[in-house]
Amino acid sequence: MTDDHLPADVLLALAYRECRQIAATHGRTYFLATRLLSAERRPAVHALYAFARMVDDIVDRADQPGKTEGVQVLGPGPADALDLIERELRRALEPHTSAMPPIDDPASATANPASERTWEAGARPRTLILAAVTDTIRRYDIAPQHFWTFLDSMRMDVPGTPGFRNRYATMAELHEYMRGSAAAIGLQLLPVLGTIAPVAEAEPAAAALGEAFQLTNFLRDVGEDLDRDRVYLPADALTAFGVDDDLLFECHRTGRTDPRVRRALAHLIAVNRDLYRRAEPGIALLEPRVRPAIRTATTLYADILRHIERGGYAVFDHRAVVPRHHRLRVAATEFTTATLRDALGR
């Protein structure tokens with residue numbers, strides 16, 4: 001029996017299973033933290049992760065047209081692929097539209113049929129991810145605007161689009177990008193996690209935590225981003241320490257971190273930790289059952305900064321990674337603490 005002849009509930013289960021596999025394969029810290037969530041919340045979190053990963057994969061391979069890997073297939077261009085995803089998601093969210101779009105259905109092409117055809121090889125995983133995220137948006141009443149904001153920021157990563165940037169002059173410019181690339185994801189997650197206060201009260205902290213995670217990624221991935229001629233660190237902060245593009249590329253070429261770069265990275269790590277501090281009070285606004293998962297994710301991501309420091313800011317030749325045994329220990333500690341709190345009725 002082919003997918004399009006399966007009952008809708010079976011197809012939706014397949015969609016969520018696809019998203020879980022993507023989260024388990026690509027988001028080790030993220031996936032571990034979701035294990036501390038209740039079973040009914042995990043699929044929605046996996047769906048949101050898989051959607052973001054699918055889009056991120058498209059953008060990351062913007063300079064490699066035609067390459068297929070994982071959940072995405074590039075067609076005439078990444079911008080076309082992002083436009084297609086937005087069209088399909090908007091269509092799926094229309095009133096009276098089924099939450100489970102038909103699998104491998106190329107007949108939905110409207111604005112750019114050629115672009116649709118280039119996606120045929122990857123249509124099934126794409127459609128499954130969109131089905132799961134559409135169901136999640138409806139189930140938890142997530143504002144669709146957070147997805148359009150996210151996609152707008154992702155277009156800023158694609159050469160040839162009107163808003164393309166591969167350098168950011170100030171932290172304000174970088175925050176503008178992170179509003180969509182990171183803060184919007186925190187805001188997508190908030191209704192799934194649940195709050196003990198009005199959602200609006202928790203939104204600033206959720207946005208700050210999304211940005212904190214994103215800036216940690218930027219600090220960890222300096223070398224990888226330079227390979228793509230990208231610098232996701234504010235130029236004015238780098239210049240204050242005597243760092244420019246030439247010095248960054250020289251450090252990347254030699255694998256050695258210049259003292260000026262160390263000082264700039266130390267400053268930006270302090271900025272990053274301030275974002276974590278601003279986000280921390282928001283954890284108390286979440287439903288008690290989800291707090292251990294968010295604390296775990298926050299602790300583990302913040303630990304990446306500590307590993308960058310301990311490694312002498314060697315961000316040009318390898319990634320700072322939190323060891324698996326430490327990740328498991330942090331998760332176990334949070335789980336044990338949460339269990340004791342439940343037992344004590346706190």
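Is D229 buried, exposed or partly exposed? Select D229 in this predicted model and display its surface: at 36% relative accessibility, the residue counts as partly exposed, because the partly exposed class lies between 20% and 50%.

**The loop at D229**

D229 is located in the loop that links α10 (222–227) to α11 (235–239). Its backbone deserves inspection: phi is positive, about 55°, although D229 is not a glycine. Most residues other than glycine have a negative phi.

**A second positive phi**

Move next to Y313, in the loop between α14 (291–310) and α15 (324–344). Here too phi is positive, at about 60°, and Y313 is not a glycine. Y313 has a relative accessible area of 14% and is therefore buried, the limit being under 20%.

**D157 and its surroundings**

Now select D157, which is found in the loop joining α7 (145–155) and α8 (171–193). With a relative accessible area of 3%, D157 is buried. Show the side chains of D157 and Y232, which are joined by a polar contact of 2.5 Å. To complete the view, add the other residues that D157 touches beyond four places in sequence, including V59, F164, R165, Y177 and R230.

**Helices α4 and α7**

From that loop, step back to α7 and select it together with helix α4 (residues 78–92). The two helices pack at an angle of about 175°, and their axes are 11 Å apart. Helix α4 is therefore roughly antiparallel to α7. On the α4 side, the contact is made by L82, D83, E86, L89 and R90; on the α7 side, by F147, W148, L151, M154 and R155.

**Helices α9 and α13**

Next, select residues 199–220 for helix α9 and residues 259–279 for helix α13. Their axes lie 8 Å apart, at an angle of about 155°, so the pair counts as roughly antiparallel. The crossing of α9 with α13 is left-handed. For the residues in contact, colour A205, A208, L209, E211, A212, F213, L215, T216 and L219 in α9. Their counterparts in α13 are L265, L268, I269, V271, N272, L275, Y276, R278 and A279.

**Cysteines**

The last stop concerns C19 and C251. Which accessibility class does C19 fall into? C19 counts as buried, at 0% relative accessibility, and C251 likewise counts as buried, at 2%. A disulfide is a covalent bond between the sulfur atoms of two cysteines. A search of the whole structure finds zero disulfides.

Note on methods. Residues numbered from 1 in each chain as written. Predicted model: local features only at pLDDT ≥ 70, side-chain atom pairs only at ≥ 80, totals over all residues. Heavy atoms only, no water. Disulfide = S-S within 2.5 Å. Buried < 20%, exposed > 50% of the residue type's maximum accessible area, 1.4 Å probe, protein only. Helix = DSSP H or I, 4+ residues; strand = E, 2+ residues; numbered from the N terminus. Polar contact = N/O pair within 3.5 Å; in protein donor to acceptor, adjacent residues only side chain to side chain. Contact = heavy atoms within 4.5 Å. Axes fitted to C-alpha atoms, helices over the stretch in contact; angles between N-to-C directions. Parallel < 35°, antiparallel > 145°, perpendicular 65-115°, else oblique. Left-handed = near helix turned anticlockwise from the far one by under 90°.
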